[in-house]
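Q: I'd like a close look at one part of this model, namely its salt bridges and what sits around them. Take it slowly and connect the pieces as you go.

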Amino acid sequence: MFKNIIEGITAYFGAFTLISKLKLWKFFAIPMLISLIIGISIATLAYTFSDNLGALIARIWPWEWGSETFATISTYIGGLCIIVIGLLLYKHIVMALSAPFMSPVSERIENHLTGDTNHQHRQTSFGEQLARGIRINVRNLLKELFFMIPLLVFSFIPVIGIAGTILIFLVQAYYAGFGNMDYTMERHFNYKDSILFVKKNRGVAIGNGIVFVLMLFIPIIGFLITLPLSVVAASTETVKVLKEKQLIEA
């Protein structure tokens, strides 16, 4: 799996070149706008309500000694909680709404990598692609929350909480990569088979998602470039795996 994680990461290196070569930027205009609006909204919420959430968390400290220190720490904890949950919601909302725009991008990349042969794809409409994107991302959101809530609590435990923070990052990465890979898989697999495919190739999803999540921490620009680069990287790696497993013709 480690090898697949590295390959999922290195797939980003040729993303800019491929986007320019295939003239794909025009397909990213609306998804980039969606991404920017949602990203700025979540960042604003984190900044606005971290103090309020911190004040609520501070109430669990019943003693006067150390109360000011704990209140300060609680503010940072409140901000962290909002950011973590915000990133979780951000990626699923953006990927779900961008599905009809990203599927054509993925298809053009697949045609380029396979020589534009006559593959037998599942033919889906704009509405079907949107519905599939929403279904996949709602499913992933619920699964992610199931893991994230206990991990978030665990991460506040001194010392050993570092492991919880790392696991939170990897879970976020896995489901981000999952969503990016599905833009290619929706042409080849039904809903259930797509889930099985990602489970068998989770290293690719994690590698793709690691860069996806890290790029979101680049102010403003991160919200603009993350989706285009991650979708292109995920598409190239997913097509590569499909070819290796002889699920599509080279």
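Is E110 buried or exposed? And what can you tell me about the salt bridges and their surroundings?

A: Keep in mind that this is a predicted model. E110 is buried: its relative accessible area is 0%, and the cut-off for that label is under 20%. E110 pairs up with R187 in a salt bridge, where the closest N and O atoms sit 2.5 Å apart. As for location, E110 belongs to helix α4, which covers residues 67-114, while R187 is in the loop between α6 (161-185) and α7 (191-200), so this pair ties together parts that lie 77 residues apart in sequence. R187 is buried as well, with a relative accessible area of 3%.

That pair is part of a set, since the structure has 5 salt bridges. Another one links R132 to D182, with 2.6 Å between the closest N and O atoms. Here R132 comes from helix α5 (residues 126-154) and D182 from helix α6, so the bridge ties together parts 50 residues apart in sequence. On the burial side, R132 has 12% relative accessibility and counts as buried because the cut-off is under 20%. D182 gets the buried label too, at 4%.

R132 and D182 also turn up in the wall of a cavity. The count of cavities of 30 Å³ or more comes to 1, and the largest cavity holds about 40 Å³ of space. Its lining is made up of A99, S103, Q129, R132, G133, D182, Y183 and E186. So which helices supply at least two residues each to that lining? They are α4, α5 and α6, and α5 gives the most, with 3 residues. Sorted by class, the lining of this cavity has 2 nonpolar, 3 polar and 3 charged residues. Both R132 and D182 are on the lining list, and they are also the two partners of the 2.6 Å bridge.

Now over to helix α1, residues 2-10, where E7 lies. K3 forms a salt bridge with E7, the closest N and O atoms being 2.7 Å apart. K3 and E7 are both in α1, 4 residues apart, which is about one turn of the helix. The partners get opposite labels: K3 is exposed at 56% relative accessible area, whereas E7 counts as buried at 17%. Leaving out residues up to four places away in sequence, E7 touches E237 and K240. K240 then comes back in the salt-bridge picture, because bridges are joined here by shared partners: K3, E7 and K240 form one network.

That brings us to helix α9, which spans residues 221-244. This helix has 24 residues and reaches 35 Å from its first C-alpha to its last, close to the 34 Å expected at 1.5 Å a residue. α9 is mostly covered, with 18 of its 24 residues buried. After α9 comes Q246, whose phi is positive, near 60 degrees.

To pull it together, one bridge ties α4 to the loop between α6 and α7, another ties α5 to α6, and the network of K3, E7 and K240 includes two residues of α1.

Terms used. Residues numbered from 1 in each chain as written. Predicted model: local features only at pLDDT ≥ 70, side-chain atom pairs only at ≥ 80, totals over all residues. Heavy atoms only, no water. Buried < 20%, exposed > 50% of the residue type's maximum accessible area, 1.4 Å probe, protein only. Contact = heavy atoms within 4.5 Å. Salt bridge = Lys/Arg side-chain N within 4 Å of Asp/Glu carboxyl O. 1 Å grid on protein atoms, 1.4 Å probe; cavity = no way out; pocket = protein on both sides within 12 Å on 5 of 7 lines; lining within 4 Å. Points joined across faces, edges and corners; volume = space filled by probe spheres on them. Nonpolar A, V, L, I, M, F, W, Y, C, P; charged D, E, K, R; others polar. Expected span 1.5 Å × (residues − 1).
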